[in-house]
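User: I am new to this structure and would like a close look at a single part of it. Please start from one loop and then relate the rest to it.

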Amino acid sequence: MGKETDAIIKVIHDAGVKAAQETAGEAEPKLTGSLEWPVKAEIKPGLDGAISNETKIGYVNGTKGWLIYQGYNIFDLAEYSTFEETSYILLYGKMPNKKELETFNKKLIANRKVPKAVIDVLKTIPIKDTHPMISLYIGVAVLATGDKTTETTTVENETEISIKLIAQMATIAGAIGMLRAGKEPVEPDPSLNHAANFLYMLTGAKPDEINEKIMDLALILHADHGMNASTFTTMVTNSSLSDMYSSVVAGICSLKGPLHGGANEKVLYDLEEIKTADNVEPWFKKVRETKRKVMGFGHRVYKAYDPRARILGPLVNNMLEKHPEIKPLYETAKKLDAMVCSELGKEKKVFPNVDFYSGLVYKAMGIETAMFTPIFAVSRISGWAARALEYLATNRIFRPRAVYTGEIGTEYKPIDKR
Ligand code: COA
């Protein structure tokens with residue numbers, strides 16, 4: 001590995017050490033192992049605190065700032081794993097041996113190419129005037145056409161579709177990026193790993209070692225994150241025994257929103273609006289007065305600094321030497337980070353989340369801002385699929401209830417008597 005890659009590994013390692021030191025004394029909420037039943041139920045908007053199911057896929061400990069995939073700490077996966085291996089771990093619940101990983105990689109590579117119909121449809125829509133997340137779900141929906149296996153929802157079928165989707169989400173997102181830039185999509189390159197091939201398909205240029213490593217890292221960090229809105233949406237859709245394509249389309253639709261994955265794009269627009277670190281204070285004051293949420297901050301579960309932001313923040317700093325053009329945006333981000341943490345950190349436990357620094361990483365890599373959320377989807381497909389498959393094994397349709405606060409027995413009046 002080169003000197004630059006070693007520097008990235010050091011960034012991840014140092015972030016992990018710092019996270020462990022800072023949260024060492026925090027008490028762990030009892031959300032692992034067997035819960036005490038019955039759990040006292042409270043009605044809170046947004047299903048806050050509601051428990052939907054048991055899982056072994058992953059765990060977010062919001063007070064300690066932990067993110068765990070199948071038992072493995074995110075800092076270890078970020079430092080040592082690859083997106084392919086992380087996806088395997090999420091799907092199969094164990095570390096692959098060399099042969100298993102090789103077979104899985106080969107399967108992903110063999111599945112990269114999408115049917116011509118997908119590219120043809122993307123070429124017929126006004127792609128430059130369509131948000132790429134919309135183009136992405138159109139692309140995935142076209143993948144489902146003609147696939148008869150969607151009529152039998154079994155774990156085996158759905159696993160095959162999931163692997164295909166992990167491979168092809170990158171191809172579709174890449175094609176969208178190229179078409180938006182007015183260029184012809186490129187064919188996947190089987191000699192490249194998933195991250196490098198994705199960057200190649202997204203930009204038309206083969207990435208250097210450092211950008212390949214950074215994209216791989218970004219994909220690992222975004223692969224799973226508890227029962228977030230898009231994961232829950234995917235699982236709810238799959239629980240009616242729909243099919244994995246439809247469930248993933250639903251997940252993409254949910255991820256698109258600015259309160260979820262769409263925040264990474266909005267952060268960049270905010271930073272560009274603020275322009276320089278000197279403008280942060282008046283900008284933040286105005287935002288507070290209008291009670292607007294600051295994009296890239298806050299989280300339903302994290303009441304500590306998001307471990308992924310602990311890696312991505314210093315990573316941007318590390319990229320400045322090669323990309324001095326993003327220095328003003330980074331300095332603006334750092335100042336905003338410090339200001340939000342000091343004003344809202346203690347009182348409301350609002351800290352940066354994954355989306356605050358990820359956009360700056362992609363911006364430094366020369367990626368179009370509107371493509372940031374599709375990159376999230378290219379990674380999160382692994383978590384969506386893993387959790388939907390785990391749930392499918394003992395499936396019961398999701399069907400919560402709402403507390404009715406309306407009237408009963410209201411008299412129906414014919415229209416001419418109202
Ligand atoms: N900026 C300013 N204040 C924020 C905030 C933010 N980004 N996020 C939360 N808060 C404040 C809320 O105003 C609320 O204050 P109050 O108690 O005085 O009403 C308090 O912190 C609790 O937040 P709440 O809105 O109840 O959290 P939530 O769990 O419903 O929402 C998010 C979580 C992520 C949707 C929310 O933090 C948000 O909108 N963040 C910005 C979008 C974003 O970055 N999304 C990506 C998430 S990974």
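In which loop is Leu-241 found?

Analyst: The model is a predicted one. Leu-241 sits in the loop that joins helix H10 (229-239) to helix H11 (244-255). Leu-241 counts as partly exposed, because its relative accessibility is 46% and the partly exposed class covers what lies between buried, under 20%, and exposed, over 50%. The backbone of Leu-241 has a phi near 60°, a positive value in a residue that is not glycine.

The loop is also met by a side chain from elsewhere in the chain. A polar atom in the side chain of Thr-153 lies 3.1 Å from the backbone oxygen of Leu-241. The side chain of Thr-153 also reaches the backbone oxygen of Ser-242, at 2.9 Å. Thr-153 itself belongs to a loop, the one between helix H6 (132-144) and helix H7 (155-180).

A positive phi turns up again at Lys-275. Its value is about 75°, and Lys-275 is not a glycine either. Lys-275 is placed in the loop between helix H12 (263-274) and helix H13 (280-289). With a relative accessibility of 57%, Lys-275 counts as exposed.

Helix H13, which follows that loop, contains Val-280. Val-280 has 0% relative accessibility and therefore counts as buried. Along the chain, Val-280 and Leu-255 are 25 residues apart, and their C-alpha atoms are separated by 28 Å. Leu-255 brings us back to the starting point, as H11 covers residues 244-255.

Next comes the ligand. Its surroundings consist of 17 residues, and the closest are Val-294, Gly-296, Phe-297, Arg-300 and Lys-348. By type, this shell divides into eight nonpolar, five polar and four charged residues. Two contacts involve the protein backbone and a ligand nitrogen: a backbone N or O atom of Leu-259 lies 3.0 Å from a nitrogen atom of the ligand, and a backbone N or O atom of Val-294 lies 2.7 Å from a nitrogen atom of the ligand. A side chain takes part as well, since an N or O atom in the side chain of Lys-293 is 3.0 Å from an oxygen atom of the ligand. Taken alone, the ligand exposes 860 Å², of which the protein buries 69%.

Lys-348, listed among the closest residues to the ligand, falls within helix H15 (residues 327-348). Another lysine of H15 is Lys-346. Lys-346 counts as exposed, because its relative accessibility is 76%. Computed from C-alpha to C-alpha in the model, Lys-346 and Gly-182 are 47 Å apart in space, with their positions 164 residues apart in sequence.

Two helices can be compared with the span expected for their length. Helix H14 (residues 307-319) has 13 residues, which at 1.5 Å a residue should span 18 Å; the end C-alpha atoms are 19 Å apart, and this agrees. Ten of the 13 residues of H14 are buried, so the helix is largely enclosed by the rest of the structure. Those buried residues include Arg-308 and Arg-310, together with Pro-307, Ala-309, Ile-311, Leu-312, Gly-313, Leu-315, Val-316 and Met-319.

Helix H4 (residues 98-110) also has 13 residues and an expected span of 18 Å, and its end C-alpha atoms are 18 Å apart, which agrees. The buried residues of H4 are Leu-101, Phe-104 and Leu-108. Seen down the axis of H4, these fall within an arc of 65°, so they line one face of the helix. The face turned away from that buried side carries Lys-98, Lys-99, Lys-106 and Ala-110, which are exposed.

After H4, the chain passes through a loop that leads to helix H5 (116-124), and Pro-115 is found in that loop. Pro-115 is partly exposed, because its relative accessible area is 42%. Pro-115 and Val-142 are 27 residues apart along the chain, and their C-alpha atoms are separated by 8.8 Å.

Finally, Arg-418 lies in the segment after helix H17 (372-392). At 60% relative accessibility, Arg-418 counts as exposed. From C-alpha to C-alpha, Arg-418 and Ile-381 are 52 Å apart in space, and they are 37 residues apart in sequence.

Methods. Residues numbered from 1 in each chain as written. Predicted model: local features only at pLDDT ≥ 70, side-chain atom pairs only at ≥ 80, totals over all residues. Heavy atoms only, no water. Near = heavy atom within 4 Å. Polar contact = N/O pair within 3.5 Å; in protein donor to acceptor, adjacent residues only side chain to side chain. Areas by Shrake-Rupley, 256 points an atom, 1.4 Å probe, with all protein chains shown as cover. Nonpolar A, V, L, I, M, F, W, Y, C, P; charged D, E, K, R; others polar. Helix = DSSP H or I, 4+ residues; strand = E, 2+ residues; numbered from the N terminus. Expected span 1.5 Å × (residues − 1). Buried < 20%, exposed > 50% of the residue type's maximum accessible area, 1.4 Å probe, protein only. Arc of directions from axis to C-beta.
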